[in-house]
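Me: Please give me a close look at one part of this model. Start from a single residue and work outward. Short sentences suit me.

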Amino acid sequence: MKRVVIEGSQWGDEGKGKITDYFSGKADVVVRFQGGNNAGHTIVFDGKKFAVRLLPSGIFHKGVVCVLASGMVISPSGFFEEVDALKKAGIDVSRIKISDRASVLLDYHKLLDGANERALSGNKIGTTGRGIGPCYTDKASRIGLRMCDLLDAKTLRKCLERTLQFKNRELKSYGLEPVDFDTMYKECLKYGKKLKPYITDTSVFLQNEIKKGSKILFEGAQGAMLCLTHGTYPYVTCSSPMSVSVPLSCGIPPRSIDYVLGIAKAYTTRVGEGPFPTELFGAFADELRERGHEYGTVTKRPRRIGWLDINILNHCARISGVDGWALTLLDVLTGVDKINICVGYNYKGKTVTTIPATLEEYQAYKPIYITMDGWKKDISNVKSFEELPKNAQKYLKKIEKLTNVPIALFSVGPDREQTVILHDPFED
Ligand code: GDP
Ligand code: IMO
Ligand code: MG
């Protein structure tokens with residue numbers, strides 16, 4: 001297997017950063033293909049903790065080329081914030097490549113994100129406030145700026161005039177200060193100069209790497225249930241984090257994907273608003289939140305907590321073609337006496353196992369659980385499946401059976417070393 005997709009299979013924060021970092025040791029190239037700095041991917045090794053937002057989690061491995069592909073929305077200021085911090089930590093950033101077709105996210109996108117949320121009031125999405133939705137909206141409206149537009153003064157003037165004509169009208173309608181053209185033009189020119197060494201046609205680069213037989217990891221941000229098309233719309237992000245989006249977002253043929261690794265927590269979390277059938281409240285939810293340190297990497301918001309939902313994993317697997325699971329944060333369930341797994345929903349007296357299109361219907365779904373016995377022994381140092389307590393083994397086996405997808409690996413702590421591989425996607 002040469003080209004592996006790392007895909008969040010729930011509502012984000014499944015541990016994609018950790019797993020991407022783990023496999024980056026074997027990869028030649030690591031690609032972020034969608035989203036922007038709404039993502040927060042945590043990586044822990046040698047007693048150090050890092051969080052990346054825009055940059056691929058492969059950046060901590062020497063020599064790995066890190067690509068920010070065409071499907072991304074990239075804030076130049078956010079990019080340099082991360083790059084400067086990495087430089088300070090002694091990490092070589094010359095290996096970064098940014099697609100000339102990636103969208104440029106600017107401060108007014110963040111202002112509009114906030115204004116949209118305020119306008120939605122009681123129906124707000126609970127976005128990360130990073131301007132992701134407004135930036136993708138500009139792309140779809142054909143008025144957005146792309147990285148290539150920053151590289152030529154004449155082109156930039158034309159593109160910025162076009163976009164600000166609409167954006168200033170929108171800002172004014174919210175009672176916000178319009179953007180001053182000259183100030184923004186100068187700022188963008190400066191960004192263009194600084195970004196130039198990184199900008200290239202990443203589709204051509206990736207296709208050459210594919211021809212050479214390089215090992216490539218595609219690191220999704222967010223998760224399947226936040227997919228703009230297949231998630232819990234409208235409580236979603238504005239891109240598709242699913243494997244099916246990789247070819248389009250990177251400019252490579254669909255047949256170039258060899259393996260899809262679905263990353264799933266041993267339970268479920270969600271940040272922001274929207275339906276969550278297996279959500280837990282009260283002291284037990286608080287306990288799991290503290291044990292799993294379930295607070296947003298980007299916004300520090302407490303994450304909502306719930307039981308594992310097999311219907312969600314199956315929804316993701318069906319659409320994305322998941323070949324194997326990476327089950328993360330298994331250690332957080334240690335000490336839980338009885339563990340529930342949601343295997344279906346009750347809706348108007350009928351059992352349903354698929355995710356409905358409408359929010360109203362999904363909100364009315366009541367989870368149907370099976371209950372499994374938990375385990376007490378600390379598992380944070382286990383190195384093999386056999387070392388797991390019998391009940392933890394049974395939990396993993398049950399997930400495999402209910403999803404009909406094998407568990408490729410499981411994770412028992414945040415550190416790179418706390419990873420147990422059962423089938424290696426790159427070796428199979
Ligand atoms: P991502 O957005 O999918 O990369 O996930 P985040 O980094 O936002 O959130 C996952 C959190 O869980 C981070 O704090 C990780 O360090 C941590 N983590 C990852 N895997 C494990 C694990 O197996 N056990 C524990 N206890 N923490 C983990
Ligand atoms: P990673 O990559 C968890 C959620 C937000 C909100 C919705 C829309 O770390 O898993 P947006 O700012 O994208 O318009 O917000 O999506 N969201 C995430 N939740 N993890 C993420 O990224 C997320 N990125 C966005 O909380 O509900
Ligand atoms: Mg995260």
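Reply: Start with Asp-13, which counts as partly exposed because its relative accessibility is 22%. Buried means under 20% relative accessible area, exposed means over 50%, and partly exposed lies in between, with a 1.4 Å probe and protein chains only. This is a predicted model, in which local features need pLDDT of at least 70 and side-chain atom pairs count only at pLDDT 80 or more, while totals for chains, interfaces and linings use all residues. Residues are numbered from 1 along each chain as its sequence is written, chains are lettered from A and ligands numbered from 1 in the order in which they are written, and side-chain values use heavy atoms, with hydrogens and water left out.

Now the metal. Asp-13 (OD) and Gly-40 (O) coordinate the magnesium ion, ligand 3, at 2.0 to 2.2 Å. These two residues link distant parts of the chain, 27 residues apart. Asp-13 sits in the loop between strand S1 (3-8) and helix H1 (16-24). Gly-40 sits in the loop between strand S2 (29-32) and strand S3 (41-45). Helices (H or I, at least four residues) and strands (E, at least two) are DSSP runs, numbered from the N terminus. Donors are N, O and S atoms within 2.8 Å of the metal (3.2 Å for Na, K and Ca); water is not among the atoms, so sites may look incomplete. Unlike the partly exposed Asp-13, Gly-40 counts as buried, because its relative accessibility is 11%.

Next, ligand 1. Both metal-coordinating residues, Asp-13 and Gly-40, also touch this ligand. A polar side-chain atom of Asp-13 is 2.9 Å from an oxygen atom of ligand 1. A polar backbone atom of Gly-40 lies 2.8 Å from an oxygen atom of ligand 1. An N or O atom in the side chain of Arg-303 is 3.1 Å from an oxygen atom of ligand 1. A polar contact is a pair of N or O atoms within 3.5 Å; within protein, one must be able to donate a hydrogen and the other to accept it, and residues adjacent in sequence count only if both atoms are side-chain atoms.

Ligand 1 has 580 Å² of accessible area on its own, and the protein covers 94% of that. Such areas come from the Shrake-Rupley method with a 1.4 Å probe; for residues, only the protein chains shown count as cover. H1 and S3 are the elements that give two or more residues to the shell around ligand 1. The largest share, three residues, comes from H1. There are 18 residues around ligand 1, and Lys-16, Gly-17, Thr-42, Asp-331 and Ser-411 come nearest. Near means that a heavy atom of the residue lies within 4 Å.

The shell around ligand 1 holds four nonpolar, eight polar and six charged residues. Ala, Val, Leu, Ile, Met, Phe, Trp, Tyr, Cys and Pro count as nonpolar, Asp, Glu, Lys and Arg as charged, and the others, Gly among them, as polar. Where does ligand 1 lie relative to domain 1 and domain 3? It lies between them, because domain 1 (3-99 + 199-233 + 240-256) and domain 3 (264-421) both give residues to its shell. The domain bounds come from an automatic or database domain assignment.

Then ligand 2. Asp-13 appears here too: a backbone N or O atom of Asp-13 is 2.8 Å from an oxygen atom of ligand 2. An N or O atom in the side chain of Asn-38 lies 2.9 Å from an oxygen atom of ligand 2. A polar backbone atom of Gly-126 is 3.3 Å from an oxygen atom of ligand 2. Taken alone, ligand 2 exposes 550 Å², and the protein buries 98% of that. Around ligand 2 there are 20 residues, the closest being Asp-13, Lys-16, His-41, Thr-128 and Thr-237. This shell divides into seven nonpolar, ten polar and three charged residues.

Last, back to S1, the strand before the Asp-13 loop. Arg-3 is found in S1. Arg-3 counts as buried, because its relative accessible area is 12%. A polar atom of the Arg-3 side chain lies 2.8 Å from the backbone oxygen of Ser-256.
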